[in-house]
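Work through these short exercises with the model open beside you. Try each task before you read its solution.

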Amino acid sequence: MDNNLSTCNYFSNESWDRLMKCRILIVDDEPHNLNILRIFLNSLHYEIITVEDGKEAFSMVKETAPDLILLDVMMPEVTGFEICKQLIAESDFDIPIIFLSANAQKEDILQGLRLGAIDYLTKPFDLDVLERKVEIALHQKAKVKNLKKDNKQLAKLVYVDALTGLYNRAYLDITIRMIKEGTKQFQAAMMVDMDYFKDINDNYGHLVGDQVLREVATIISSKISCEHDLAFRYGGDEYLVLLQSEANCVEIADSIIKAVDGLKVSLAPHKSQEFSVSIGLTNNFDPSSFDQIIMQADSALLGAKNNGRHQIKIR
């Protein structure tokens, strides 16, 4: 076999060790067939798992997460068609299936393809053809995996602020809709605003200002629950934080203020700068009126600013 065409190496240019990580599950009740397939595919440096019992195939798929399934059609108790139908019915199933069968009837081949298999090989099959079919199947699976990865990266670009890494206003709009629908629940909101941020930009330049914004975003992310709370760059030097629980919201706000107080950023030689934030907090969280929630948090923030900054106000 030409190593340049071997599946894993072909579509990812990974090392030889990576090639050996391609895992194939073979389900066939005939030990002789299993042995031939196992020996041949092992010679191509695939990792092979074999199952003779169709019922055992379900648990083996979950345990081993194969990259490809070679599935015999005619088996006692549960047929390959039935196995395929049940597997593909699972919402997160994305493993390609190739049927292997001694039945070469057109209707059986079409039935297998209708069920969702990507190919159907009739016995006795040519090993060179099998080799190429396996490569194609694994190649397609890799492309699907890469597409899913790309989609996640695109979603991140769409919904995450490029400078701070926090969620952006576009994702806030989605969150507001989920709050109104009841699929997301929060009990408190806080607006966090840099004190005298214009002076930082004017005195040290926008590159330093951007660095400060990133550092504050990192502080905010570290003080909230990544599983339950959400943080957004609301605009400019202002951040919005939604907290699932109001129980310790004041403590969280205070920890953010103290962490920003200790923030160290590289400045021009012989220059120093103290950094601080003001925080407006509201726990009067009415999910039916998000505008009112923002208005209350903004009002609390304005109170903190007017009262000398570097503090927390609650509405």
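Rings of Phe, Tyr and Trp count as a pair if their centres lie within 6.5 Å. Ring pairs of this kind link Tyr159, Tyr167, Tyr171 and Phe232 into a cluster. Keep in mind that this is a predicted model.

**Exercise 1. Classify two ring pairs**

Task: Decide how the rings of tyrosine 167 and tyrosine 171 are arranged, then do the same for phenylalanine 99 and tyrosine 120.

Solution:
- Step 1. A pair of aromatic rings is described by the distance of the centres and the angle of the planes.
- Step 2. Planes under 30 degrees apart count as stacked, over 60 as edge-to-face and the rest as tilted.
- Step 3. The structure holds eight aromatic pairs. In one of them, phenylalanine 99 and tyrosine 120 have ring centres 6.1 Å apart and planes at 55°, so this pair is tilted.
- Step 4. Phenylalanine 99 lies in strand 4 and tyrosine 120 in strand 5, 21 residues apart. Both residues are buried.
- Step 5. For tyrosine 167 and tyrosine 171, the centres are 4.3 Å apart and the planes are at 20°, so the pair is stacked.

**Exercise 2. Buried or partly exposed?**

Task: Sort tyrosine 167 and tyrosine 171 by their relative accessible area.

Solution:
- Step 1. Buried means under 20%, exposed over 50%, and partly exposed in between.
- Step 2. Tyrosine 167 has 30%, so it is partly exposed.
- Step 3. Tyrosine 171 has 17%, so it is buried.

**Exercise 3. Follow a salt bridge into helix 12**

Task: Find which parts of the chain are linked by aspartate 193 and lysine 305.

Solution:
- Step 1. The two side chains meet in a salt bridge, at 2.6 Å from N to O.
- Step 2. Aspartate 193 is in strand 6 and lysine 305 in helix 12, 112 residues apart.
- Step 3. Aspartate 193 has a relative accessible area of 12%, so it is buried. Lysine 305 has 17%, so it is buried too.
- Step 4. Now look at the helix. Helix 12 covers residues 290–306 and reaches 24 Å from its first C-alpha to its last.
- Step 5. The buried residues of helix 12 pack against several elements, including helix 8, strand 6 and strand 7.
- Step 6. After the helix comes glycine 308, with a positive phi near 115°.

**Exercise 4. Charge over a ring**

Task: Which ring lies under the charged end of arginine 169?

Solution:
- Step 1. The charged end of arginine 169 sits over the ring of tyrosine 234, 4.1 Å from the ring centre.
- Step 2. Arginine 309 gives another case: its charged end sits over the ring of tyrosine 196, 4.4 Å from the centre.

Notes:
Residues numbered from 1 in each chain as written. Predicted model: local features only at pLDDT ≥ 70, side-chain atom pairs only at ≥ 80, totals over all residues. Heavy atoms only, no water. Helix = DSSP H or I, 4+ residues; strand = E, 2+ residues; numbered from the N terminus. Expected span 1.5 Å × (residues − 1). Contact = heavy atoms within 4.5 Å. Phe/Tyr/Trp six-rings, centres within 6.5 Å; stacked < 30°, edge-to-face > 60°. Buried < 20%, exposed > 50% of the residue type's maximum accessible area, 1.4 Å probe, protein only. Lys NZ or Arg CZ within 6 Å of the ring centre and 35° of its normal. Salt bridge = Lys/Arg side-chain N within 4 Å of Asp/Glu carboxyl O.
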